[in-house]
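Trainee: Could you take a close look at one part of this structure with me? I would like to see how the helices pack against each other.

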Amino acid sequence: MDLNDIRKNYKNFDDYKIEKIALEEASKLRPEVLDILKEEIKKRNLNPNLIHSVDSQTKELTESEFNEYYKIIRNHPCPKCNSKTQKINATMVGQVISMLILTNYEKSLKVACSNCLDEMHSKANMKSVLLGWWGFPWGPIQTIRSFMFNSKMKKNNWTEKPNEFITSFIVSNIGIMEKAKTEPKKLTEFINRTNNAI
């Protein structure tokens with residue numbers, strides 16, 4: 001698609017779509033498309049922090065910037081229970097759902113406080129027990145694998161230092177992390193979308 005077509009498309013997008021691109025997708029855009037996006041943000045008089053979010057996604061993340069984002073997410077209220085008493089963390093959760101001869105084993109990233117992450121692992125295990133084991137031949141095998149996986153992943157729920165999952169979440173979503181400095185609600189909304197992905 002040439003730049004004129006992209007410019008027309010961006011012009012037709014609503015403000016929500018422009019903001020979503022600026023916060024979540026800017027790191028994937030070519031430099032000339034980033035310029036179009038910034039022009040559109042300025043033309044619409046959208047929050048100027050969006051341009052800062054775009055810029056932050058296209059530069060190398062320093063250790064001090066990472067530590068700042070890590071502090072923001074760790075001290076953010078849990079998006080599931082809204083508690084501030086425990087620190088936010090991230091982990092992977094596996095669950096199995098079977099339908100006759102089809103067995104689907106899914107793993108997904110979850111971000112929440114330690115207690116809520118424990119609860120998510122328990123619910124995934126319960127769902128696998130109820131819906132995963134009876135698909136033959138793979139249901140019982142994948143259900144056992146999901147239990148082992150969840151048991152291993154549960155250790156990430158209580159880590160004090162950045163684990164690989166929260167690190168990856170921050171690095172992959174710098175625009176959202178930057179926006180969270182001034183609009184924490186955006187981070188809550190984004191985490192909820194991530195957690196509800198499966």
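Mentor: Happy to; we will start with the whole chain and then turn to the helix pairs and one buried residue.

A word on the source: this is a predicted model, where local features need pLDDT of at least 70 and side-chain atom pairs count only at pLDDT 80 or more, while totals for chains, interfaces and linings use all residues. Residues are numbered from 1 along each chain as its sequence is written, and side-chain values use heavy atoms, with hydrogens and water left out.

The protein chain has ten helices and two strands; helices here are DSSP runs of H or I with at least four residues, strands are runs of E with at least two, and both are numbered from the N terminus. Read from the N terminus, the order is α-α-α-α-α-β-β-α-α-α-α-α. The C-alpha atoms fill a box of roughly 55 × 40 × 25 Å along the principal axes. Of the 198 residues, 44% are buried, meaning under 20% relative accessible area with a 1.4 Å probe, protein chains only (exposed is over 50%, partly exposed in between). Contact means heavy atoms within 4.5 Å, and among contacts between residues at least 6 apart in sequence, 68% join residues at least 24 apart.

Now the helix pairs. Two packed helices are described by the angle between their axes and the distance between the axes. The axes are lines fitted to C-alpha atoms, for helices over the stretch in contact, and angles run from 0 to 180 degrees between N-to-C directions. Angles under 35 degrees count as roughly parallel, over 145 as roughly antiparallel, 65 to 115 as roughly perpendicular and the rest as oblique.

Take helix α6 (residues 114-131) and helix α7 (residues 138-153): their axes come within 10 Å and cross at roughly 175°, which makes the two roughly antiparallel. On the α6 side, the residues in contact include His 121, Ala 124 and Ser 128, and they face α7 residues including Thr 143, Phe 147 and Met 153.

Helix α2 (residues 15-25) and helix α10 (residues 184-195) have axes that come within 13 Å and cross at roughly 80°, so α2 and α10 are roughly perpendicular. Here Tyr 16, Glu 19, Lys 20 and Glu 24 of α2 meet Lys 186, Phe 190 and Arg 193 of α10.

Finally, look at Ser 53 in helix α4 (residues 49-57). Ser 53 counts as buried because its relative accessibility is 1%. Beyond its neighbours within four places in sequence, Ser 53 contacts Ala 22, Leu 23, Gly 175, Glu 178 and Lys 179.
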